Each structure stands twice: as structure tokens, then as C-alpha cells.
Amino acid sequence: MRTFTIAVIAGDGVGTEVIPQSKRVLEKAALKHKVTFAFQDFDWGAEHFFRWGRMMPAGAIDLLQPCDAILLGAVGHPDIPDHTTLNGLLLPIRRAFDQYANVRPAYLYPGVQSPLAKPRGGDIDFVVVRENTEGEYAQVGGFVYQLQPEEIAIQTSVFTRRGIERIVRFAFDLAVKRDKKRRVSSITKSNAQGYSMALWDRTFQDVAAQYPNVETESLLVDAAAMNFIRRPESFDVVVGSNLFGDILSDISAIVIGSMGLAASANLDPLRRFPSMFEPVHGSAPDIAGKGVVNPLATILSAAMMLDHLQMDEAAREVDAAVAAVLADGHVRTPDLGGRSSTEEVTDAVLEKLA
Ligand code: GGG
């Protein structure tokens with residue numbers, strides 16, 4: 001029987017509530033498909049920071065490296081600056097394992113109400129592909145006259161042709177693999193960012209020329225934000241920089257009905273290192289500890305992990321079980337207008353899986 005070693009970082013806030021639920025679903029899938037998941041839990045995050053002054057220990061990357069995949073809950077705590085939590089855990093893992101493709105599907109499941117008036121279940125079905133290792137999140141810069149009245153902060157974006165080319169190519173390959181609209185939308189702000197984003201535009205055109213059967217469009221990020229609301233059904237694969245992908249995928253999460261349904265994968269497409277799977281949402285301190293967080297984003301992220309581990313059928317089954325629960329409409333957490341608990345929603349998914 002094949003055993004997959006899964007590093008599990010539940011993290012903070014609602015992360016500690018959704019991760020046990022996704023493990024329950026994975027265990028059920030494992031039983032059915034005759035594999036084993038050996039979960040290795042790492043108690044890194046805010047509590048680790050309060051105790052040791054770091055979000056994760058110095059040797060963390062070495063501990064994660066041998067694992068087949070990483071499942072992450074959420075990071076963030078109201079008493080720690082967000083840049084400390086993000087740069088102390090999530091971003092170093094993405095960079096260390098060259099998880100350069102952050103894949104964030106936006107699918108409006110039948111039975112779920114979009115806040116937009118027009119779209120019905122199935123009408124919205126696209127994927128945001130976010131460059132995940134460089135761009136605006138490269139953490140290059142510094143302070144001059146720090147903490148003095150004349151303080152200066154300099155933060156530089158890093159865009160490389162190699163970095164842009166590989167993520168754009170990933171987006172085109174995904175459009176071909178999805179075989180839906182075969183359209184890739186590239187998002188920049190090259191009218192204002194005349195160097196980095198101009199390089200992005202040129203690289204996009206170069207790669208696009210190699211995919212004559214894929215339709216393309218280039219949008220400025222402000223127009224893209226507008227069109228995610230105005231014509232979400234027109235998108236197929238959307239590719240953007242680290243920052244733009246991060247922002248736009250929050251819009252796509254909400255047009256499909258809830259942040260609680262938005263899954264994501266941080267992929268090393270070359271499979272040299274473990275990839276990491278996480279819900280798009282953060283630690284949600286406002287609802288943490290109440291037992292009402294929606295577990296479906298994490299369960300769908302676990303389904304993406306199954307797909308990455310080449311358990312395609314198991315991935316499809318988990319996705320279908322989630323779709324069936326949403327279509328029934330009886331069992332749902334408050335973010336979707338229901339009154340069910342986190343555990344009850346998982347119970348309903350497990351029932352459908354059976
Ligand atoms: N689910 C992981 C999490 O806590 N995400 C919140 C967050 O701030 N993410 C920033 C990012 O994805 O770059």
C-alpha cells in the first residue's frame with residue numbers, strides 16, 4: 001500500500017479548525033483508494049512565535065523537504081504584524097520549494113448564490129494563476145532613518161524574464177489542459193509600471209505566439225477588477241503577478257459565493273519539492289473558536305492535493321461530494337447563509353463520499 005507523507009501546518013485561528021476536518025476527508029479517501037496518509041503535524045505559527053520569537057524553527061524547511069506535500073491552514077494573529085506572520089512562514093516556504101505557480105480556481109457551484117445578480121451555478125468557472133516567488137513580494141528594500149521623522153522606506157519589485165515566462169507558460173498549459181474556453185487573460189499595469197510590467201507584457205506576447213490555438217487578452221489590473229464583477233463568466237485562465245494575483249483571487253473568491261469556498265495550490269510544477277495546499281482565506285480571528293468556519297475551502301484544497309499526488313479519481317470524488325452538499329443546500333455554514341457547524345458540513349461531505 002502506498003504511503004504519502006503529508007506535512008500539516010494548521011497554523012492560527014480557524015486554521016486549527018479546518019485542518020482536522022480536511023484530514024477526516026483525506027482519511028476516508030485513503031481508505032477507499034487503498035493508500036495511507038502519514039500526517040506529520042507541525043505546531044508552527046503565532047503560538048510558536050510567542051514562545052520562541054519565530055513563526056517556525058530555523059530547520060523548518062529541512063523538516064518539510066522530504067514530505068510528499070504540505071497542507072496548510074491559516075497564518076495570522078491580531079497581536080503580530082501581518083508582515084511578520086507572512087514573511088515568517090508562508091512566503092519562505094513558497095520560495096524555498098520554488099512553488100512558483102499559485103493556482104486559485106473560481107467555480108460557482110450549483111446551489112450557491114453569487115452576490116452578483118446574473119450568474120447561476122456553473123456560469124463562473126475560471127482559475128487565477130498567481131506568480132508566487134518574486135514580483136512585489138520579493139522583500140527587497142530597506143529603511144533609511146528608521147523610526148525617525150524623516151524615515152524613508154524603499155521596497156523594490158523583482159521581475160525576471162525567467163520568472164514571468166515560466167508562470168505564463170504554466171497558464172497556457174493549464175488553459176489547454178482544462179480544454180474549456182482556451183483563453184488566457186494577462187493582468188498588468190504597464191501604463192504606470194513601465195519597466196517590470198512592460199517586460200511582463202513582452203514575455204506574455206512571446207509565449208502566446210507559441211500557443212496559436214489559445215485566445216489571449218491583456219488587461220490592466222483596474223479593468224480586470226471591474227471585469228471580474230461585470231463579466232466573470234468570460235474568464236478561463238487569468239495570469240498575474242504575485243500582488244495582482246493575490247488581490248484578484250479575493251474578488252474571484254467572493255463572486256463564487258464565499259471566501260469559505262476558495263481553494264488554492266502552491267505548486268512546484270517540476271515536482272522537485274513538496275507543493276503546498278491551503279485555503280485562500282486567512283485565520284479569521286472574528287469567527288475563530290466558534291466552530292462555524294466553512295471547512296470546504298480546505299477540503300477542496302485537499303482535493304487539489306489529491307490531484308497533485310496523481311490520485312485523480314479520489315480528487316474528483318471529493319469535489320463531487322462537496323458539489324452535492326452545496327447543491328442540496330441543507331447543510332451550510334453561516335458564510336453561505338446556513339446555521340450548520342464546521343463539523344456538520346464535513347459530516348455531510350463524508351456521507352456523500354460514502
Ligand atoms: N491560508 C493561508 C493564509 O493564512 N493566507 C492568508 C494570507 O495572508 N495570505 C497571503 C498570501 O497568500 O500571500
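In this predicted model, a nitrogen atom of the ligand sits 2.8 Å from a polar backbone atom of His 281, a polar contact in the sense of a pair of N or O atoms within 3.5 Å. Another such pair links a nitrogen atom of the ligand to a backbone N or O atom of Pro 279, at 2.7 Å. With Arg 130 it is the side chain that takes part: one of its N or O atoms is 2.7 Å from an oxygen atom of the ligand. There are 16 residues around the ligand, and Val 75, Arg 130, Glu 278, Pro 279 and His 281 come nearest; being around it takes a heavy atom within 4 Å.

As for the ground rules, residues are numbered from 1 along each chain as its sequence is written. Local features need pLDDT of at least 70 and side-chain atom pairs count only at pLDDT 80 or more, while totals for chains, interfaces and linings use all residues, and side-chain values use heavy atoms, with hydrogens and water left out.

Turning to the helices (DSSP runs of H or I, at least four residues, numbered from the N terminus), H1 (residues 15-33) and H9 (residues 296-308) have axes that come within 9 Å and cross at roughly 40°. Axes here are lines fitted to C-alpha atoms over the stretch in contact, with angles from 0 to 180 degrees between N-to-C directions. That makes H1 oblique to H9, oblique being whatever is left once angles under 35 degrees (roughly parallel), over 145 (roughly antiparallel) and 65 to 115 (roughly perpendicular) are taken out.

Conventions: Helices (H or I, at least four residues) and strands (E, at least two) are DSSP runs, numbered from the N terminus. A polar contact is a pair of N or O atoms within 3.5 Å; within protein, one must be able to donate a hydrogen and the other to accept it, and residues adjacent in sequence count only if both atoms are side-chain atoms.
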